[in-house]
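Let's take a stroll through this protein model, piece by piece. Keep the structure open beside you and look up each part as it comes along.

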Amino acid sequence: MSALFASLRSLLFAPGKDEAKLRKALASGADAVIADLEDAVPPPEKGAARATTTRVFAEEPVRCLRFVRVNGAGTEWLGDDLAALREVGVDGLMVPKATPAAIEALGPEGPPVIALIETAAGVRLAHETAAHPRVAALMLGGADLAAEANLEVRPDGQELLFARSTLVFASVEAGIRAPFDVVHLDVRDDEAQRAEATLARSVGFGGKACVHPAQLDGVHSVFTPTADETGHARTVLAVYEEAMARGDSVALLNGKLIDPPIVLRAQATLARARD
């Protein structure tokens with residue numbers, strides 16, 4: 001589970017109440033599917049959505065990791081969500097408006113958690129949330145955070161730079177995988193989504209959430225190392241190993257210094273490779 005989870009690039013949301021969309025998502029080629037019992041389901045339909053999700057998960061063949069976004073801590077639905085999901089054996093939970101207290105509300109045992117950081121309090125407490133034993137990854141919820149903080153959406157994504165960097169360094173400090181970036185809400189604008197994903201990758205993110213299968217190819221292309229990148233990484237490791245065997249502490253490749261940080265980056269590139 002840990003190695004597979006570490007390599008996830010895409011999280012595809014599907015409404016837990018919509019059987020057809022949930023089945024389509026599970027067959028879409030996403031690395032992981034998140035059945036949404038929270039925002040996508042109005043209060044009168046919570047029970048029906050829970051029943052639909054557990055039934056579809058039980059019936060569909062396992063093609064990807066399967067998560068459920070449960071209702072938030074303090075709501076009347078969380079207890080029933082957790083009880084129902086114990087019968088299915090999901091791969092993980094996504095907790096909305098995550099803080100350390102929200103994670104504690106789940107109890108000490110259960111599947112790993114993706115903590116959705118989408119409030120100012122969540123950003124402020126991101127380091128503590130990431131350090132919780134049940135948290136395996138953080139995800140940035142941009143829409144809710146922007147609304148709360150009155151941020152104006154910019155084409156270059158700079159309005160979320162502080163929040164993105166906070167989640168990255170919280171994840172590094174806690175020793176968990178790189179966080180997942182926000183959903184790009186315009187499913188028709190492939191170019192803008194790729195630009196946003198590229199920005200997220202450049203500041204340390206390891207994947208991105210999606211709301212439509214059409215977004216998957218763009219996300220996968222950005223967060224999967226190219227053949228040139230993996231080839232260079234293998235060369236870096238080979239040159240460094242040869243230098244170590246000679247008793248040297250550093251190596252040179254095409255005139256550029258190879259030292260332990262460069263080696264770590266090469267190892268991380270190969271860990272994300274799909275070949």
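## Strands side by side

V95 stands opposite A115 in strand 5. That pairing belongs to strand 4 (residues 92-95) and strand 5, which run parallel and are joined by 3 bridges. Two strands count as paired here if DSSP finds at least two bridges between them. Helices (H or I, at least four residues) and strands (E, at least two) are DSSP runs, numbered from the N terminus.

A word on where all this comes from: the model is predicted, so to speak of local features a pLDDT of at least 70 is needed, side-chain atom pairs count only at pLDDT 80 or more, and totals for chains, interfaces and linings use all residues. Residues are numbered from 1 along each chain as its sequence is written, and side-chain values use heavy atoms, with hydrogens and water left out.

Back to strand 5. On another pairing, strand 5 goes with strand 6 (residues 135-140), again in the parallel sense, over 5 bridges. There, V113 stands opposite V135 of strand 6.

Is strand 5 (residues 113-117) largely enclosed or open? It is largely enclosed by the rest of the structure, because 5 of its 5 residues are buried. Buried means under 20% relative accessible area, exposed means over 50%, and partly exposed is in between (1.4 Å probe, protein chains only). Both faces of strand 5 are covered, with V113, A115 and I117 buried on one side and I114 and L116 buried on the other.

Strand 3 (residues 65-69) tells a similar story: 5 of its 5 residues are buried, so the rest of the structure largely encloses it. L65, F67 and R69 point one way, R66 and V68 point the other way, and all are buried. Strand 3 pairs with strand 2 (residues 32-36) in the parallel sense over 5 bridges. In that pairing, R69 of strand 3 is the bridge partner of D36.

## Two phenylalanines and a leucine

How many aromatic pairs does a search of the whole structure find? It finds 1. The rings of F5 and F67 have centres 5.9 Å apart and planes at 55°, so the pair is tilted. For the rule, rings of Phe, Tyr and Trp (its six-membered ring) pair if their centres lie within 6.5 Å; planes under 30 degrees apart count as stacked, over 60 as edge-to-face, and the rest as tilted. F5 sits in helix 1 (residues 2-6) and F67 in strand 3, so the pair ties together parts that are 62 residues apart in sequence. Both F5 and F67 are buried.

F67 also turns up among the neighbours of L93, a residue of strand 4. Leaving out residues up to four places away in sequence, L93 touches F67, V68, V70, L82, L85, L106, P111, P112, V113, I114 and R134. Contact means heavy atoms within 4.5 Å.

## Two helices that cross

Two packed helices are described by the angle between their axes and the distance between the axes. The axes of helix 2 (residues 19-26) and helix 3 (residues 46-59) come within 10 Å and cross at roughly 35°. Axes are lines fitted to C-alpha atoms, for helices over the stretch in contact, and angles run from 0 to 180 degrees between N-to-C directions. Helix 2 brings E19, L22, R23 and L26 to the contact, while helix 3 brings T52, T53, R55, V56, F57 and E59.

T53 is part of helix 3. Apart from its neighbours within four places in sequence, T53 is in contact with G16, L22, A35, L37 and V68.

## Inside or outside?

Here are some single residues and how much of each can be reached.

| Residue | Relative accessible area | Class |
|---|---|---|
| T53 | 0% | buried |
| L93 | 3% | buried |
| N150 | 67% | exposed |
| N254 | 74% | exposed |
| G74 | 82% | exposed |

N150 lies in the loop between helix 8 (142-149) and helix 9 (161-174), and N254 in the loop between strand 9 (251-253) and strand 10 (256-258). Most residues other than glycine have a negative phi. Phi of N150, however, is positive, near 60°, and phi of N254 is positive too, near 55°.

G74 belongs to the loop between strand 3 and helix 4 (78-86). The C-alpha atoms of G74 and A102 are 8.3 Å apart, with their positions 28 residues apart along the chain.
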